[in-house]
There are 2 protein chains.
Amino acid sequence: MLDERKKRVLQAIVEEYIKTAEPVSSNAIMNLEGLECSSATIRNEMAELEKMGYIEKTHISSGRVPSEKGYRFYVDELLEDDKITVDEIEYISDKLETKVNELEDLTQIASSTISEITHYTTVSIGPNTDVQLIENIKFVLLSPRMMMAVILTDNGLVKETIIKFDEDITENQVNTLNYMFNNKLKGEPITKIDKPLEKYLVDEMKYSVNLIKPIIVQMKKVVEEEKVHLEGTKQLFELPEFNSLEVAKNFVNILDEKELMADMLNNGYAKDINIYIGEENEKEELKDFSVVTFKHRIGNKDLGTIGIIGPKRMDYSKVISVMKYISKKLNDNLGDNSDDSKEEK
Amino acid sequence: MLDERKKRVLQAIVEEYIKTAEPVSSNAIMNLEGLECSSATIRNEMAELEKMGYIEKTHISSGRVPSEKGYRFYVDELLEDDKITVDEIEYISDKLETKVNELEDLTQIASSTISEITHYTTVSIGPNTDVQLIENIKFVLLSPRMMMAVILTDNGLVKETIIKFDEDITENQVNTLNYMFNNKLKGEPITKIDKPLEKYLVDEMKYSVNLIKPIIVQMKKVVEEEKVHLEGTKQLFELPEFNSLEVAKNFVNILDEKELMADMLNNGYAKDINIYIGEENEKEELKDFSVVTFKHRIGNKDLGTIGIIGPKRMDYSKVISVMKYISKKLNDNLGDNSDDSKEEK
DNA sequence: TTTAGCACTCTTTTTTGTCGTCTGCTAATT
DNA sequence: AATTAGCAGACGACAAAAAAGAGTGCTAAA
C-alpha cells in the first residue's frame, strides 16, 4: 500500500512529532537516514500521505502532524522495539526486587515503575473478579458482634472484610460458617458469593437471616470492589499539550472518575497489550489521549491490568518495551521464589 | 479597632470577592444593607482599610481585594454561621445514614460529603497513630506459611496485614504468639510495635528471629501507614483562579504529594477546626490556597482529620457550617446505634 | 461628614503591521 | 519519469499602537 519511502516519511514524521510536539516540516526530516533527498521531494510525498489520510496540517501552510490513522499505521507496522536503556533496565530490576507480602502490591509497584520511566500517568486495577476462584475462606471472631472474613483466591490474592452483627455470635457458629462456606464455595468463582447463595443458606440450610445476610452483603461488596490506583498524575502536566487549559481540565476530570478508569481497563480482552489511540477509546473523555493497557500476569494467573495514559503522541515504542520487560522480569522472578504459588506441572 | 461601618465594608468586600472573584469596586457594594451611602463615602472607607492592611488593590486604579489580614479578620470576627440550606441538611443526613462496617469508611464519607456540598477538594486521613491504643491483637494462620495479623484499636479501627514466612508455622506457634502479643501490648499505644519489642521477644523470650522479625516489620508498616484519601479534585478546576496554568499545575503537584497532605493534617492540634489562610500554611506549596482542617471525632475518640483545600477566597462560612453540622450529626447518630463503641458512664 | 463631579491611571480588547515558516506549484534538471 | 530549485502565497506568532472601560483619588460644594 505505502511504498518504502512513504513509510519512512511517515515514520519520521511520527517520531519527530513524538519528540517535539511541533508540526513537522519537510525541512526537519530531510536528510534523516533513508531520506537523503530534497525537501521538495519530501513535500510531494507528504502531499500524498495527506491525501491518503495518514497525516494532516494544523493550518494551510503548516507542517504536518500524524493523524490517528497515521499513529495506528505506525504502531501496527513501523514500531521498533527495544528502546529501553541499560539504566532503565537496571532501575526496573531494582524496583521489582522489593519484597511484597501481598501480590496486589506487585501490580502497584509495576504500575509506579512504568510511570516513573515513561513519565506518563498509569492506572492499575486488580484482576477481573470472574476469573478468580476461591481457594479458602476463613471467618474469625474479633469480638462478640464483629467478625472478619478472609478470602484467599487461587491467584494468590487475599481479600478481607469486617462484618458486624446486631446480636452476639458464638465460636460455634463461626466454626459452622467456616465449614459451610468452604464446603460450598471452594474452587468456585468468587462471584458465587451473591444473593442466590444467601437464599440457599437461609431457605434450605435454615440459617438465620440475621446472621447470613450481613455476611453475604459485606463479602459481595469486598469481592466486587475495584481498587483503582493512580500514579504520576502530575507528570503529564509538564507536556506542552497541557498548556491548553481545556486539555488539562479534561484530564483532571478523567482522573476523578475512578469507575471510568476501571471500565477502561476491564475492556479489551483479546490481547495482553492493547493500544487505543484517540477516538479509538470507548470513553468520550479520552478522545484526546492514547491509552495502552497491559494485562499483567504471572504464569497463567491474572494479576490485574495496568493502563498507561498519555498524549496521542506518546512514545509507544518506549512504553511497550518497558511493559514487555517488566512482564518478562516478573515471570522470571516469581517462577522460583514465590512460596504460595501453587506448583504447576 | 475598626468602627462598625468599616467592618461592614470589609465584610461586604470579602463576601463579594468570594462570590465573584473580581476586585470589588466602591460601586458594587454601595447600597448593600448597612451601606446606604454614596460610593465616594465607601471609597474613603476603603482608602483607610487599605492603609490598615485589610484590603489591597491589584493595580492603582482597580477595585479592592481582601488581603490575608482581611480574610483573617473576616474569619475571626465577621463570620456568620448557618449558611447551610435545608436541601443541604437533608443531603448530608442522607449520606451519613449509610451503614458502614469500618469506622474508617465514615471519615471518607464525611470527606466526600463535604466536598460535594462545598465544591472544594477534601483530603482525609486516619487518626494519629500515637493516640491509638491496642485493644486486641489476633493472629490467624491462613496457610502454612502465611498468617494474618489483625489489630483492634480502642477507637474502633481495625488494621490488618498479611505476613509471610520462609518456613512452615504451626497452630501452636500462632496460639503462643496470640497470647504473648496480647499480654504484652493490650492497652499500649500501637506505636509500641517496633524494634525494641522485636528485640525483647527475640533476646529475652527466646523466640526465633525468623518468626518474629517479619511480624514486627509488617505490623509496624501497617500501623504507620497513612492512608490519604482525596475527594473532588476536579471541582477546583472550575474556579476562575484556575484559569492560570501556573495555579493549576501547582495544585496538581500538591495533590500528588500525599505525604505533604498527611503532614498538613497532622499538624495544628489545638482546636478541632483550624483555618490556614495563604501564607499561614506551613507548606510553601499551599501559599495560594486556604486550608480548613477538621478533627473528626465521636465522643472522645479521634477518628481522623479532614482537610478542605480551596482558594483563599473560599466560602469559609459555608465550609464551617457544613463541618459543624456533620460533626453534630455523626455524634448524634453514633451515640445510639454503634454496637462496638464502649459504653462510657 | 457626606457627596457630586471630574481628571487621571491602568487594564482589557481591538487593530494594525511585521516577520518568519512552510507549503504548493512551476519550470528546469537529471 | 522522477527529482529539485525557486518563488509566491498563506498563515501564525508577536509586538506595537489605539480605543474603550472601569475605578480611583481629590476637590469643592452641600
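The following questions and answers concern salt bridges and the surface near DNA strand D in a predicted model.

In this predicted model local features need pLDDT of at least 70 and side-chain atom pairs count only at pLDDT 80 or more, while totals for chains, interfaces and linings use all residues. Residues are numbered from 1 along each chain as its sequence is written, chains are lettered from A and ligands numbered from 1 in the order in which they are written, and side-chain values use heavy atoms, with hydrogens and water left out.

Reader: How many salt bridges does a search of the whole structure find over all chains?
Author: A salt bridge is a side-chain nitrogen of Lys or Arg within 4 Å of a carboxyl oxygen of Asp or Glu. Searched over all chains, the whole structure has a total of 48.

Reader: Which residue forms a salt bridge with Lys95(A), and in which helix does that residue lie?
Author: The closest N and O atoms of Lys95(A) and its partner, Glu116(A), are 2.9 Å apart. Lys95(A) belongs to helix 5 (residues 86-97) of chain A, helices being DSSP runs of H or I with at least four residues, numbered from the N terminus. The pair is 21 residues apart and links distant parts of the chain, with Glu116(A) in helix 6 (residues 103-118) of chain A.

Reader: Is Asp76(B), which meets Arg72(B) in a salt bridge, buried or exposed?
Author: The two side chains meet at 3.2 Å, N to O, and both residues lie in helix 4 (residues 68-78) of chain B, four residues apart, about one turn of the helix. Buried means under 20% relative accessible area and exposed over 50%, with partly exposed in between (1.4 Å probe, protein chains only). At 47% relative accessibility, Asp76(B) therefore counts as partly exposed.

Reader: Which helix gives the most to the surface near DNA strand D?
Author: A residue is near a strand if one of its heavy atoms lies within 4 Å of it. Helix 3 (39-52) of chain A and helix 3 (39-52) of chain B each supply at least two residues of this surface. The largest contribution, four residues, is from helix 3 of chain A.

Reader: What lies 3.0 Å from a polar side-chain atom of Arg43(B)?
Author: Sugar and phosphate account for 77% of the atoms of DNA strand D that come within 4 Å of the protein. A polar side-chain atom of Ser61(A) lies 3.0 Å from a base nitrogen of the strand. For Arg43(B), the atom at 3.0 Å is likewise a base nitrogen of DNA strand D.

Terms used. Polar contact = N/O pair within 3.5 Å; in protein donor to acceptor, adjacent residues only side chain to side chain.
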